[in-house]
Amino acid sequence: MKLVEGFDSNYRYVLVAARRARQIQNGARPVVEPHSRKPCRIAEEEIQAGKVKWEVPPLVAASAMEAAGEAPDQPVGGEADD
C-alpha cells in the first residue's frame, strides 16, 4: 500500500483520520464541503485537502524507545566493549 503524502506511515494516517472522524461525530463542523455523510469519508476528504494539521509530540518518540528498552545514545545490540 502506498503511503499517503505528508504521513510517515499508513498507521499514523489511520489514527489521524479516526480522531478527526470522532470529532465530526461529536459535532465538529467539516472544514470542506463534504461529498458524503459518513464521518470517516469527510475526515479523509479534509486530510486530502490539507485542512487537518497534526504533529507527533517529541515525548512520544522518547517514551516509545524507553518502552522498547533502548536508550537513544546506545547502539542496538546492547553489548559494551570492555
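**Figure 1. Accessible surface and overall make-up of the predicted model.** The accessible surface of the protein comes to about 7,100 Å², of which 52% belongs to carbon and sulfur atoms, the areas being obtained by the Shrake-Rupley method with a 1.4 Å probe, and for residues only the protein chains shown count as cover. This is a predicted model, in which local features need pLDDT of at least 70 and side-chain atom pairs count only at pLDDT 80 or more, whereas totals for chains, interfaces and linings use all residues. Residues are numbered from 1 along each chain as its sequence is written, and side-chain values use heavy atoms, with hydrogens and water left out. Of the 82 residues of the protein, 17% count as buried (buried means under 20% relative accessible area, exposed over 50% and partly exposed in between, with a 1.4 Å probe and protein chains only). The protein has three helices and zero strands, where helices are DSSP runs of H or I with at least four residues and strands are runs of E with at least two, numbered from the N terminus.

**Figure 2. Close-up of helix α1, residues 10–25**. The 16 residues of α1 should span 22 Å at 1.5 Å a residue, which agrees with the 22 Å between its end C-alpha atoms; the expected span is 1.5 Å times one less than the number of residues. The buried residues of α1 are Tyr 13, Val 16, Ala 17, Arg 20, Ala 21 and Ile 24. Seen down the axis of α1, these buried residues fall within an arc of 135°, so they line one face of the helix, the arc being that of the directions from the helix axis to the C-beta atoms. On the face turned away from this buried side, α1 carries the exposed residues Tyr 11, Val 14, Arg 19 and Gln 25. Just after α1, Gly 27 takes a positive phi of about 115°.

**Figure 3. Close-up of Glu 46 in helix α2**. What covers the buried residues of α1 includes α2 (39–48). Glu 46 counts as buried, because its relative accessibility is 0%. Leaving aside residues up to four places away in sequence, Glu 46 touches Arg 20, Ile 24, Arg 29, Pro 30, Val 31, Val 32, Lys 51 and Val 52, contact meaning heavy atoms within 4.5 Å.

**Figure 4. Close-up of Phe 7, in the segment before α1**. Phe 7 counts as buried at 10% relative accessibility. Not counting residues up to four places away in sequence, Phe 7 touches Arg 12, Tyr 13, Val 16, Ile 47 and Trp 54. The C-alpha atoms of Phe 7 and Trp 54 are separated by 9.5 Å, although these residues are 47 residues apart along the chain.
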